[in-house]
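Work through the exercises below with the sequence and the structure at hand. Try each task before reading its solution.

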Amino acid sequence: LKYQSWLLLPDFPRYCWTMTLLQGMCLEVVRQLAVTVAENLQRYAQRSDPPKRYLNIMGVLLGVCTAPLDMVAYSMAPQSMLAPFGMLQLLLNFAVAHVHGDKFRRSDVLATLSVIVGSLICLHYGAPSSNHPVSMPPKEALQVYAACVSIACACLAGLLVALNKVGGRADAFTNCMLGGLLGSTVLVSSKLLAASLISEERTVAAVALALIPLAILAPVHLAVINRAFGRHPLVFVSPTVGTCGLLVNVATGCFLYGETPVEPIPFAAGVIVLCFGVVSLRTLNSGGGDAEQCLRTTNNDDGQHGKNIDRIG
């Protein structure tokens, strides 16, 4: 299978292409399509007048029902390779940005190409894939990871509460950073659950214990993302959350699972190119003018949307 994949895709290293990687990529494509539809349903539902609760619920349910695809995909392929591949989702969001009244300028084409090129570079030089699903990370590394993530989430959550009535760019950035961090922790929790399920020494207690973090983090992540969609433009939220999630996923893959890129320097260059493209899209669509005013909706909108900002369903 390795050599067949190499023949079909000759531009990529032979050691990177395995059937598990290809399967993980296919699952990730399906997941990203579903997430795009879910995000746009939530965004459209919350910005309608009056808000369409049934569409918002449909968007949330679609995101929840397709979440296991992430668990399977990231348990089959390295995080550092699927994370940049999943960033292509933001391109789909920009394609339908006009539906929500968000602007997409011609100059964004260069930034979009940067995202594509950066993703391909990361995919080319990412960590090699194995033929077997990932196993449990070292216990000590997992404890350090849990402590760092808990502190970071607590700080960002506290800052978000303080900025709730302030709005503006600070609120948008904090909301997106927390959303990206929580999204990465949900992926890690999913991988831990998958590892516990396939372990030869699995027990009911061990599986139940691995399920607890996912059961807690997944609803919180949905609530944070849903809040962002209700307060800020999708063309701002999607790439900013994606960038934060990408960086955390790459760092987590290296720290917990030892997913070291085959060529660290080119891989880092790919991450820089990808982030440049994402930041350019964010800057072009949120800087100045109407977009700046849209980012400050919560400051000026005392009527129709104010009561529905934090509503999930």
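The exercises go from the whole chain to single residues.

The model is predicted: local features need pLDDT of at least 70, side-chain atom pairs count only at pLDDT 80 or more, and totals for chains, interfaces and linings use all residues. Residues are numbered from 1 along each chain as its sequence is written, and side-chain values use heavy atoms, with hydrogens and water left out.

**Exercise 1. The whole chain**

Task: Describe the protein chain by its helices and strands, its burial and its contacts.

Solution.
Step 1. Helices (H or I, at least four residues) and strands (E, at least two) are DSSP runs, numbered from the N terminus. The protein chain has 14 helices and 0 strands.
Step 2. A residue is buried under 20% relative accessible area, exposed over 50% and partly exposed in between (1.4 Å probe, protein chains only). Of the 313 residues, 51% count as buried.
Step 3. A contact means heavy atoms within 4.5 Å. Among contacts between residues at least 6 apart in sequence, 84% join residues at least 24 apart.
Step 4. Accessible areas come from the Shrake-Rupley method with a 1.4 Å probe; for residues, only the protein chains shown count as cover. The protein chain exposes about 14,700 Å², and carbon and sulfur atoms supply 70% of that area.

**Exercise 2. Helix H8**

Task: Compare the expected span of helix H8 with the distance between its end C-alpha atoms, then find what covers its buried residues.

Solution.
Step 1. The expected span of a helix is 1.5 Å times one less than its number of residues.
Step 2. Helix H8 covers residues 139–162, which is 24 residues, so the expected span is 34 Å. Its end C-alpha atoms are 35 Å apart, in agreement with this.
Step 3. The buried residues in H8 are Ala 141, Tyr 145, Val 149, Cys 153, Leu 156 and Leu 160. Their cover includes helix H9 (168–198), helix H10 (204–231) and helix H11 (234–257).
Step 4. Ser 150 is also found in helix H8. At 48% relative accessibility, Ser 150 counts as partly exposed. Its C-alpha atom is separated by 9.9 Å from that of Thr 185, 35 residues apart along the chain.

**Exercise 3. Ser 190**

Task: Is Ser 190 buried or exposed, and which residues does Ser 190 touch?

Solution.
Step 1. Ser 190 lies in helix H9. With a relative accessible area of 5%, Ser 190 is buried.
Step 2. Leaving out residues up to four places away in sequence, Ser 190 touches Met 71 and Leu 214.
Step 3. A polar atom of the Ser 190 side chain lies 2.9 Å from the backbone oxygen of Val 186.

**Exercise 4. Salt bridges**

Task: How many salt bridges are there, and which residues do they link?

Solution.
Step 1. A salt bridge is a side-chain nitrogen of Lys or Arg within 4 Å of a carboxyl oxygen of Asp or Glu. By this rule the count is 2.
Step 2. Arg 227 pairs with Asp 171, their closest N and O atoms being 2.8 Å apart. Arg 227 lies in helix H10 and Asp 171 in helix H9, so this pair ties together parts 56 residues apart in sequence.
Step 3. Asp 171 also forms a salt bridge with Arg 231, with the closest N and O atoms 3.2 Å apart. Asp 171 in helix H9 and Arg 231 in helix H10 are 60 residues apart.
Step 4. Asp 171 is buried at 0% relative accessibility, and Arg 231 is buried at 2%. Arg 227 is buried as well.
Step 5. Asp 171, Arg 227 and Arg 231 are thus linked in a network of salt bridges.

Technical notes
A polar contact is a pair of N or O atoms within 3.5 Å; within protein, one must be able to donate a hydrogen and the other to accept it, and residues adjacent in sequence count only if both atoms are side-chain atoms.
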